[in-house]
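Open the model in your viewer and keep the selection panel at hand. We will go stop by stop, with something to select at each one.

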Amino acid sequence: MNTDLRPSGPFRYGDRVQLTGPKGRLHTITLRDGGELHTHHGVLKHASIVDQPDGSVVTNSGGHEYLALRPLLRDFVMSMPRGAAIVYPKDAAQILAAADIFPGATVVEAGVGSGALSLWLLRAIGPAGRLVSFERREEFSQVAEANVETFLGHYPDTWQVVVGDLVEELPQAVAPASVDRVVLDMLAPWECIDVVADALTPGGVVLCYVATATQLSRVAEYLRATGLFTDPEATETMVRGWHVEGLAVRPDHRMVAHTGFLLTARRLAPGAVPPDVRKRALKKPSYADEDVEIWTPGAVGDRQITDKNLRKRVREAQRAVDGARRASESGGADAVD
């Protein structure tokens, strides 16, 4: 596969294309030699799209028009096969900003889920960076790896997926004080804070993505109790679209509200004590051992995917990446996906 992914220019065999047809119906296909899109509106030959510029309108055998565009990353992650719940684009954008993900950064991510956040992180760190993703379940890692390769058209050299527990595997995967950023998207991030502190370089950022207020409270208190980080900052992001048509300008009836909290803190230099902490001794956590029960997976609403459903998602992701590989091989040297 050609690793020189160019999301512009005329369509080529191997490209993924998002087609918007009658009544706004979306179809995402991978262009291949001899390929056809069959719907009850007629047949659209892939060859009619090849060599057309991005943003063209093509017509199928029934005379119906389709707008052809390369899918944006946000489009892809919303429609790709999922093993676990994804980080939505609105939160992914905030994570890149709040954690200050930069080109060339060494980033640790846990867990990898379905690979949505991995794609955003890989784009942000660029070819000189390094992303190490940890995932406890091998099936989730398989879905994520297939999704990333499907979108990028190749398996990135800058990405390493480790199947196992972060607490056990992180010290073997990275050197102490060598990681610039850590993003924890998991149920109990406080369990990993100690090894994360060892891995982070002074000034490095840890970001925790959690769904509930009880999780947010506990991880914040744990960070404070270590004395190894700056005081954590917590935010959430809500997106409200607007209907804009002539003088009919109003908020949409629906909005993307709460999906998760982002909590960030920075690693202190060894032995450093911030001035505000000197003025007040670190308080004991405002929870006791018996309170931990309210943070169990079931209590915080964690819904487990069944093994049967997960195996189905793995097959879907594998079919997608196999199709992308076949299309790329049949398209010749210019194919990129």
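Select Asp198 to begin: does Asp198 count as buried or exposed? Asp198 counts as exposed, because its relative accessibility is 52% and the cut-off for that class is over 50%. Please keep in mind throughout that this is a predicted model.

**Around Asp198**

With Asp198 still selected, colour helix H6, residues 193-199, which holds this aspartate. Now show what surrounds the side chain. Setting aside neighbours within four places in sequence, Asp198 is in contact with Pro176 and Ala177. Add Ser178 and draw a distance between C-alpha atoms: Asp198 and Ser178 are 20 residues apart along the chain, and their C-alpha atoms are separated by 9.0 Å.

Move the selection to Ala177. This alanine sits in the loop between H5 and strand S10 (179-184), and its phi is positive, about 55 degrees, although Ala177 is not a glycine. Ala177 is partly exposed, with a relative accessible area of 40%.

**Two more backbone stops**

Most residues other than glycine have a negative phi, and most peptide bonds are trans. Keep that in mind for the next two selections.

Select Lys23, in the loop between strand S1 (16-20) and strand S2 (26-30). Lys23 is a residue other than glycine with a positive phi, near 60 degrees. Lys23 is also exposed, at a relative accessible area of 90%.

Next, select Ala110 and Gly111 together and look at the bond that joins them. The peptide bond from Ala110 to Gly111 is cis, with omega near -10 degrees. Gly111 belongs to the loop between strand S7 (106-110) and helix H3 (116-125).

**A walk through the salt bridges**

Side chains of opposite charge can pair when their charged atoms come close. In this model the count comes to eleven salt bridges, and we will visit some of them.

Start with Arg12 and Asp15, whose side chains meet at 3.6 Å, N to O. Both Arg12 and Asp15 are buried. Then add Asp54 and Arg70 to the selection: Arg12, Asp15, Asp54 and Arg70 are linked in a network of salt bridges.

Go on to Lys90 and Asp91, which meet in a salt bridge of 3.4 Å, N to O. Lys90 is buried, with a relative accessible area of 11%, and Asp91 is buried as well, with a value of 0%.

For the last pair, select Asp165 and Arg136. Their closest N and O atoms are 2.9 Å apart in a salt bridge. Asp165 lies in the loop between strand S9 (159-163) and helix H5 (166-173), and Arg136 in the loop between strand S8 (130-135) and helix H4 (138-152), so the pair ties together parts that are 29 residues apart in sequence. Arg136 counts as exposed, at 55% relative accessibility.

**Strands S5 and S6**

Which strand holds Ser56? Ser56 is in strand S5, residues 56-59. Ser56 is buried, with a relative accessible area of 10%. Show the backbone of Pro53 too: the backbone oxygen of Pro53 lies 2.5 Å from a polar atom of the Ser56 side chain. Not counting residues up to four places away in sequence, Ser56 touches Tyr66, Leu67 and Ala68.

Of these, pick Leu67, which lies in strand S6 (residues 65-69). Leu67 is partly exposed, with a relative accessible area of 32%. Turn on the surface and add Val57 and Leu69: with Leu67, they form a nonpolar patch on the surface, having about 220 Å² of accessible area together.

**Zooming out**

Clear the selection and show the whole chain as a cartoon. Its secondary structure comes to nine helices and 15 strands. Of the 337 residues, 45% count as buried. The accessible surface of the chain is about 17,200 Å², and 51% of that belongs to carbon and sulfur atoms. Among contacts between residues at least 6 apart in sequence, 66% join residues at least 24 apart.

Finally, colour by pLDDT. The chain averages 87, and 87% of the residues score at least 70. Then select residues 332-337, where the pLDDT is below 50; this stretch has 27 contacts in the model beyond near neighbours in sequence.

Terms used: Residues are numbered from 1 along each chain as its sequence is written. This is a predicted model: local features need pLDDT of at least 70, side-chain atom pairs count only at pLDDT 80 or more; totals for chains, interfaces and linings use all residues. Side-chain values use heavy atoms; hydrogens and water are left out. Patches are made of residues with over 30% relative accessible area and no salt bridge: like charges are joined within 9 Å, nonpolar side chains (Val, Leu, Ile, Met, Phe, Trp, Tyr) within 5 Å. Accessible areas come from the Shrake-Rupley method with a 1.4 Å probe; for residues, only the protein chains shown count as cover. A salt bridge is a side-chain nitrogen of Lys or Arg within 4 Å of a carboxyl oxygen of Asp or Glu. Helices (H or I, at least four residues) and strands (E, at least two) are DSSP runs, numbered from the N terminus. Buried means under 20% relative accessible area, exposed over 50%, partly exposed in between (1.4 Å probe, protein chains only). A polar contact is a pair of N or O atoms within 3.5 Å; within protein, one must be able to donate a hydrogen and the other to accept it, and residues adjacent in sequence count only if both atoms are side-chain atoms. Contact means heavy atoms within 4.5 Å. pLDDT is the predictor's confidence in each residue, from 0 to 100.
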